[in-house]
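Let's take a walk through this one together, starting at a single loop and working towards the pockets. Have the viewer open and follow along.

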Amino acid sequence: MSVNGLLSSIRRLTQNEEQLRNSNSVSPFEVLRQQMDDILGDGGIMKQVVQPGEGPPVPENASVIMHYSGFLEYSDQPFETTLNRRHPRIMKLGRDVTLGGLELGLLTMKKGEFSRFLLQPQYAYGNMGCPPFIPERAVVLYEIHVLDFLDSGLVDKFLTLCPEEQNSSPLSTFLDVVNTLRSFGNRCFNQNQMYHAKDRYKQALKLLETRKSQNVPEKESLQTALLPVYLNLSLTELRLENPQKALKYGNKALQIDRNNTKALFRCGQAYQELQEFENAQQCLLMAQGRKPFDSDVNNLLRKVAMSYKESLDKQKDMCSKMFKHFNCRDLNEETG
């Protein structure tokens with residue numbers, strides 16, 4: 001998405017702002033409007049697709065990961081934008097998106113799509129505007145880039161069910177809910193929101209651990225879904241400096257797949273933090289046996305070996321000083 005691209009196109013249409021305002025020339029928004037589609041039929045929300053997306057459109061009550069910028073006519077700078085943020089916004093429809101026109105526009109978009117929306121006042125800030133930034137009866141232009149979305153509406157609906165209804169729901173629906181929660185956790189993790197990530201992973205874990213499997217294939221599907229959740233929680237606890245909890249989830253992952261390299265590595269990391277260097281070495285050597293050229297495993301293994309050696313040297317030095325102290329005391333008693 002390019003704010004500069006929009007500004008350049010507007011500047012090409014307006015050589016002189018004052019001349020445009022005081023003449024009968026067509027305004028920039030009117031020119032853009034002629035290139036747009038009327039998505040409601042009343043002219044209130046006009047849309048121009050700059051970059052098409054793919055897949056299904058954003059569903060109702062979804063959580064949308066997006067960048068956006070809002071512009072007033074004749075303005076060189078947006079009155080609001082997320083482009084200066086380190087991470088894109090995650091906004092839930094029906095809660096975080098406060099402009100009716102934006103929400104209706106988002107429901108027409110697909111993953112990866114970049115579009116522009118021209119909103120009449122009744123679909124934006126109304127007749128009053130939003131002083132001092134938005135004047136009265138202002139028509140506004142929004143550029144929106146949908147990076148991804150999560151069907152959190154499905155999750156919200158599922159979580160309102162009683163445990164019996166959740167347990168009897170189709171396995172495919174159940175796993176969709178679990179995967180959505182985990183995806184939400186991954187988004188939070190990538191934005192360094194560790195406690196939010198942990199909450200989402202724990203929600204998924206609770207659903208998986210309380211689901212009563214009906215048959216062997218379903219039990220295997222649940223175990224397959226549990227493994228990445230345990231791994232996610234193990235890594236999150238490491239980032240939160242809780243190595244004991246990280247070790248617990250790493251070991252649970254190994255109960256499902258005892259040869260899982262990530263689980264072995266997580267346990268090695270946790271043991272390293274707990275200064276249980278021998279156990280850390282054992283886990284990392286097993287991981288190295290499965291992935292001998294993995295740089296993360298090999299680097300941590302060297303670090304653990306050095307820490308283990310330093311720990312042993314300190315123990316030897318301490319023992320040496322203790323024996324020296326006892327020998328001196330015994331000698332003093334003999335000669336006293």
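Start with N61, which sits in the loop between β3 (54-57) and β4. Keep in mind that you're looking at a predicted model. The backbone at N61 does something worth a look: phi is near 65°, a positive value in a residue other than glycine. Is N61 buried, exposed or partly exposed? Its relative accessibility is 39%, so N61 counts as partly exposed.

Follow β4 out the other end and you get a second case of this kind. Y74 lies in the loop between β4 and β5 (80-81), and phi of Y74 is near 70°, again a positive value in a residue other than glycine. While we're on backbone quirks, jump ahead to the loop between β8 (114-119) and β9, where P132 is found. The peptide bond joining P131 and P132 is cis, with omega at about 0°. If you plan to check the torsions yourself, those are three good spots to click on.

Now zoom out. The chain has 336 residues, and 42% of them count as buried. Its secondary structure comes to 13 helices and nine strands. How much of the contact list is long-range? Take the contacts with a sequence separation of 6 or more: residues 24 or more positions apart account for 66% of them.

For a concrete piece of the interior, go to α5 (152-159). Which residues of α5 are buried? They are S152, G153, V155 and F158. The cover over these buried residues comes from both strands and helices: it includes β4 (63-72), β6, β9 (140-150), α6, α7 and α8.

Of those neighbours, let's pick α7 (171-190) and see how it meets α5. Two packed helices are described by the angle between their axes and the distance between the axes. For α5 and α7, the angle is about 120° and the axes are 9 Å apart. The crossing of α5 past α7 is left-handed. On the α5 side, the contact uses S152, L154, V155 and F158, and these meet T173, F174, D176, V177, T180 and L181 in α7. By class, the residues of this contact divide into six nonpolar, three polar and one charged.

V177 is a handy residue for seeing that contact up close. It belongs to helix α7, and it counts as buried because its relative accessibility is 0%. Setting aside neighbours within four places in sequence, V177 is in contact with L154, V155, F158 and L207. Draw a C-alpha to C-alpha distance from V177 to D151 as well: you'll get 8.5 Å in space for a pair 26 residues apart in sequence.

Slide along to the loop between α7 and α8, and there is Q191. Buried or exposed? Q191 counts as buried, because its relative accessibility is 13% and the cut-off for buried is under 20%. Not counting residues up to four places away in sequence, Q191 touches H87, P88 and I90.

I90 turns up again at our next stop, the largest pocket, where S63, I90, R95, F184 and R200 lie nearest the centre. Its volume is about 350 Å³, and 23 residues line it. The elements that each supply at least two lining residues are β6 (89-92), α5, α7 and α8 (194-210). The chemistry of the lining is mixed, with eight nonpolar, seven polar and eight charged residues.

The second largest pocket has a volume of about 230 Å³. What lines it? You'll find L159, P163, Q166, N167, F174, Q203, K206, L207, T210, R211 and K212 there. Two or more of these lining residues come from each of α6 (163-168) and α8, and α8 gives the most, with four. This lining divides into four nonpolar, four polar and three charged residues. Two names should ring a bell: F174 is part of the contact between α5 and α7, and L207 is one of the residues that V177 touches.

Conventions
Residues numbered from 1 in each chain as written. Predicted model: local features only at pLDDT ≥ 70, side-chain atom pairs only at ≥ 80, totals over all residues. Heavy atoms only, no water. 1 Å grid on protein atoms, 1.4 Å probe; cavity = no way out; pocket = protein on both sides within 12 Å on 5 of 7 lines; lining within 4 Å. Points joined across faces, edges and corners; volume = space filled by probe spheres on them. Nonpolar A, V, L, I, M, F, W, Y, C, P; charged D, E, K, R; others polar. Buried < 20%, exposed > 50% of the residue type's maximum accessible area, 1.4 Å probe, protein only. Contact = heavy atoms within 4.5 Å. Axes fitted to C-alpha atoms, helices over the stretch in contact; angles between N-to-C directions. Left-handed = near helix turned anticlockwise from the far one by under 90°.
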